[in-house]
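Student: I have a structure open and would like to learn how to read it. Could you take me through it step by step?

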Amino acid sequence: MNKQESIINKRQKLHAIRVLRDRIFVVGFALAVVVGILGLAALLFDVLIDGLPFLNINFLSSYASRKAENSGILAPLAGTIWIVGMTALLTIPIGVGTAIYLEEFASKNRFNRLIELNIANLAGVPSVIYGLLGLAVFVQFLFNGSRSVTAGALTMTLLILPIVVIASQEAMKAVPSSYRDAAYAMGANRWQVVKAVVLPQALPGMMSGIILALSRAIGESAPILIISSLVWVTFIPTSPDSKFTVLPLQIFTWVSQPQHSFRGIAAAAIIVLLIVLLSMNGIAIWIRSKYQSRPDQ
Amino acid sequence: MIKNEFKKFLNKALIVTSLLIVGIIAACGGGEGGSGAESSEILIDGSSTVFPISQAVAEEFRVDRPEVQIPVGISGTGGGFKRFVEGEIDIADASRPIKDSESAQAAANGVEFTEFTIAYDGLSIVINKSNDFATCLTVAELKQIWEPGSSVDNWNEVRSEFPDKPLRLYGPDTDSGTFDYFTAAINDKEDASRADYTASSDDNVLVQGVSGDQGAMGYFGFAYYTENSEILNVVSVDSGDGCVVPSVTTINDGSYAPLSRPMFIYVNNASLERTEVRDFIEYYMNNAAELAEEVGYVGLSEADYQSQLEGLN
């Protein structure tokens, strides 16, 4: 009787410890989330307080000025849209094509593994290196000194291509091989399998990777400072040949001005940059949910 | 279901992509054809310190001449000269005179140029608002603090009547033209400086540092002091003729020495043949005094601007 009671006691104690441990970890993880969210909220709050008073139609539709109150972001906003648009056009076919080849067609030999390893390493190279590379290869060698939107977009393409390749490969890896086997069993050839089975399944994952990569391209200022260097532009790029500037560069310039009033419009420009970023992420989520496959379908 | 939708998506994407590519190619052709005919362009690149003045002048110039586009870049003085000596740009903004090696390159490329002094900046020594004893320092004392290998870390080591208070230093990083000029003027050798100070390429960070640290001393451009004179104290500098505080007057007449530094623009002589560039330079020299002061720098005397313009003709 006594023995049984002590066993029950022990079990209850063990159970209590387990419950306690469970709670501790839940609280710990929740705290981790709170730290991140609080940090983000504080940043957002600060930027909104500083920037909202300056955010109006005039700010969006006028060019930069030496007077903060007359300044606007038309040129850098247009430049950012040009750069991101052209970078997307160049990156998506090349990046997804590379990923399809490496994942579905290339044999898994040592050479191809070396290529994959190098792509992974390229993803970690500092962006300023790509800026110098772009200056030497695109601006000076290919385009004869023209610091155009095309040169900027090509440089950004090099910068984010590794990220797109890796993300697309991961998305295709996640497609169960039984799907492929089933398609092969029906007599499909490799390209048919990729087109009809792998790509539709992998599309949501690929989109996430591509949008994350493009978001990085939007926020980069170092390579563009080297390629374009312009921070006062009073025209909108009308062709890929045009000179340009981008939002992060304009923000960088404004933040480093001595006059306090420039910090307000820098914050307003940050808000616009955030809106562009969030709407791109929104599009990605929309595409993902539209094409997301459910197991029962 | 999914497959069909995906096919539609793929087709749409294909159509949009091909349309865009066609558009881009068409625009490329159009852009090249049009650019020569319509508006003219004056290209400026170089020092980010001089940038606000060139931007201000270009902005005002374009009020009357909107057909002239004047994009201004901030590649840095060295970066700007690199493009200038290749003949890539019309005007180089510079916070130091052109180096012999750079003008040799210009000569080798057949680029002839004219130098214009456009304004002065008074590098200002600043201390914390609570510091009421270090109102004036001699050049020798500044050198003692900032020279390479210096181990001064208390105010009473600078001058024995100063209180026993830790001295912490803030200054621009080694890429900055301000750093080059300060080290040359105070330590007699460009780029020679003690290295154990808080360095930042952003002068606003230095303002924050000095205003929040009671024992702090730092240096940066005059505009960053005047914008923050409520939270910082400025140190007068004695170079042998008594203490001189940096101000528009003392920087303008040269009595704030040796820390008044001139700023320049360099103009490609071939570009000067173009009427819009010539008009722009004339406008620059006629309005630099007023516009430089508006963005925080100090102009030259009217006569100094006019004599430089006369050299043109």
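Tutor: Happily! Let's start with the idea of a contact: two residues are in contact if their C-beta atoms, placed from the backbone, lie within 7 Å. Keep in mind that this is a predicted model.

Student: Which residues of H8(A) meet H11(A) in that sense?

Tutor: On the H8(A) side, the residues include A:Pro200, A:Leu203, A:Met207, A:Ile211 and A:Ile218. Their partners in H11(A) include A:Leu273, A:Val276, A:Met280, A:Ala284 and A:Tyr291. Sorted by class, this contact has 14 nonpolar, three polar and one charged residues.

Student: How are H8(A) and H11(A) oriented to each other?

Tutor: Look at the angle between their axes, which is about 175 degrees, with the axes 9 Å apart. An angle over 145 degrees counts as roughly antiparallel. H8(A) and H11(A) are therefore roughly antiparallel.

Student: At what angle do H6(A) and H8(A) pack?

Tutor: H6(A) and H8(A), the latter spanning residues 190-219, pack at about 150 degrees, and their axes are 8 Å apart. That angle makes H6(A) roughly antiparallel to H8(A). The crossing of H6(A) and H8(A) is right-handed.

Student: Which residues build the contact of H6(A) with H8(A)?

Tutor: From H6(A), you can find A:Met156, A:Ile160, A:Ile163 and A:Ala167 among them. From H8(A), the list includes A:Val198, A:Ala202, A:Gly205, A:Leu212 and A:Ala217. By class there are 16 nonpolar, four polar and two charged residues. Try highlighting A:Leu214: this residue of H8(A) appears in the contact with H6(A) and in the contact with H11(A).

Student: How do I judge the confidence of the prediction?

Tutor: A good habit is to check the scores before looking at details. Where pLDDT is low, the predicted coordinates should not be read in detail. Chain A averages 91, and 98% of its residues score at least 70. Within chain A, H6 (residues 149-173) has the highest mean, 95, while H11 (residues 261-291) has the lowest, 88. Chain B has a mean of 88, with 87% of its residues at 70 or more. Over residues 24-37 of chain B, the pLDDT falls below 50, and this stretch has 12 contacts beyond near neighbours in sequence. For the model as a whole, ipTM is 0.82 and pTM is 0.84.

Student: What are the domains of each chain?

Tutor: Take each chain in turn. Chain A has domain 1 (2-54) and domain 2 (58-291), with C-alpha centres 37 Å apart. Their contact takes six residues from domain 1 and eight from domain 2. On the domain 1 side of chain A, four are nonpolar, one is polar and one is charged.

In chain B, domain 1 is made of two segments, 40-120 and 262-312, and domain 2 covers 124-258. The C-alpha centres of these two domains lie 29 Å apart. Each domain of chain B gives 11 residues to the contact. The domain 1 side of chain B has three nonpolar, six polar and two charged residues.

Student: Which backbone details could I look up in the loops?

Tutor: Here are two. In chain B, a cis peptide bond joins B:Ala257 and B:Pro258, with omega about 0 degrees. B:Pro258 sits in the loop between H10 (248-252) and S14 (260-268) of chain B. In chain A, A:Asn144 has a phi near 60 degrees, a positive value in a residue other than glycine. A:Asn144 belongs to the loop between H5 (127-142) and H6 of chain A.

Terms used:
Residues are numbered from 1 along each chain as its sequence is written. Chains are lettered from A and ligands numbered from 1 in the order in which they are written. This is a predicted model: local features need pLDDT of at least 70, side-chain atom pairs count only at pLDDT 80 or more; totals for chains, interfaces and linings use all residues. pLDDT is the predictor's confidence in each residue, from 0 to 100. Helices (H or I, at least four residues) and strands (E, at least two) are DSSP runs, numbered from the N terminus. Domain bounds come from an automatic or database domain assignment. Ala, Val, Leu, Ile, Met, Phe, Trp, Tyr, Cys and Pro count as nonpolar, Asp, Glu, Lys and Arg as charged, and the others, Gly among them, as polar. Axes are lines fitted to C-alpha atoms, for helices over the stretch in contact, and angles run from 0 to 180 degrees between N-to-C directions. Angles under 35 degrees count as roughly parallel, over 145 as roughly antiparallel, 65 to 115 as roughly perpendicular and the rest as oblique. A crossing is left-handed if the near helix is turned anticlockwise from the far one by less than a right angle, and right-handed if clockwise.
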